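Colleague: Please take one part of this model and look at it closely. I would like the aromatic side chains, and how they sit in the chain as a whole.

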Amino acid sequence: MPYVVLALVLILFILAVIWIIRTRNFFARLIVKIGEAESGIDIALTKRYDILTKLLDVTKGYAEHEKEIFTQTAALRSGSTLKEKEEYNSALNEAFRRINVVAENYPSLTADRSFKELQMSISDVEEHLQAARRAYNGNVSIFNQKLITFPSNIIADSMGLEPVDFFQAEEDKRQDVKMQF
């Protein structure tokens, strides 16, 4: 009889150790996935920046003040934290708005084939950026849920893990779009 109890305790101990290892590995994989998703946002922002600079080159001949936008975006590109990436994203959105204003003032620019191709590229980049943000937020959601649910929160606490921030939309994009005809 004592061997049965000892075997049962040993089995429970082994199961607990396996669970601890699996949970720690799960958190480690999620941390890697969050980093990978954040890198995806970086890649999309870099591609967006590259297309923006090409678009600026096309529009540069039409309006001299676009140099200011190029300088601002180049300075903002160096951001590395999620908050800095959100600020960089807002600045790029503002740059795109300015370029569109210039395009509206120069009808020959909007008729240019290069300009139209770049606008199509921007649309494609925006879709990739949205997908990267969704992937990032999906991984963050799983990670944060595991941090607060029992029993995985015990392992998370022992690893010193903290919740990760979601990629947030800019405040002006949370407002309803006003359509005027």
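**The aromatic cluster in its fold**

Modeller: Start with the contacts across the chain. Of those with a separation of 6 or more, 79% are between residues 24 or more positions apart. Keep in mind that this is a predicted model.

The chain has six helices and zero strands. Read from the N terminus, the order is α-α-α-α-α-α. The chain has 181 residues, and 29% of them count as buried. Its accessible surface comes to about 11,900 Å². Carbon and sulfur atoms hold 60% of that surface.

Now the rings. Two aromatic pairs are counted, with ring centres required to lie within 6.5 Å. One is F26 with F27. Their centres are 6.3 Å apart, and the planes meet at 70 degrees. That pair is edge-to-face because its angle is over 60 degrees.

How buried or exposed are these two neighbours? F26 is partly exposed, with a relative accessible area of 26%. F27 is buried, with a relative accessible area of 0%. The cut-off explains the two labels: buried means under 20%, so F27 qualifies and F26 does not.

F27 also pairs with F143. Here the centres are 5.8 Å apart and the planes are at 85 degrees. This pair, too, is edge-to-face. What does it tie together? F27 lies in helix α1, residues 2–60, and F143 lies in helix α5, residues 113–148. The pair therefore ties together parts that are 116 residues apart in sequence. Both of its members, F27 and F143, are buried.

Put the pairs side by side and a picture forms. F26, F27 and F143 make up one aromatic cluster. F27 takes part in both pairs, with F26 and with F143.

A charge joins the scene at F26. The charged end of K146 sits over the F26 ring, 5.2 Å from the ring centre. So F26 has the ring of F27 as its aromatic partner and the charged end of K146 over its own ring.

Follow the chain past α5 for one further detail. The peptide bond from F150 to P151 is cis, with omega near 5 degrees. P151 is placed in the loop between α5 and α6, the latter being residues 152–159.

To sum up the part you asked about: the cluster is F26, F27 and F143. The F27 and F143 pair links α1 with α5, and K146 places its charged end over F26.

Conventions
Residues numbered from 1 in each chain as written. Predicted model: local features only at pLDDT ≥ 70, side-chain atom pairs only at ≥ 80, totals over all residues. Heavy atoms only, no water. Phe/Tyr/Trp six-rings, centres within 6.5 Å; stacked < 30°, edge-to-face > 60°. Buried < 20%, exposed > 50% of the residue type's maximum accessible area, 1.4 Å probe, protein only. Helix = DSSP H or I, 4+ residues; strand = E, 2+ residues; numbered from the N terminus. Lys NZ or Arg CZ within 6 Å of the ring centre and 35° of its normal. Contact = heavy atoms within 4.5 Å. Areas by Shrake-Rupley, 256 points an atom, 1.4 Å probe, with all protein chains shown as cover.
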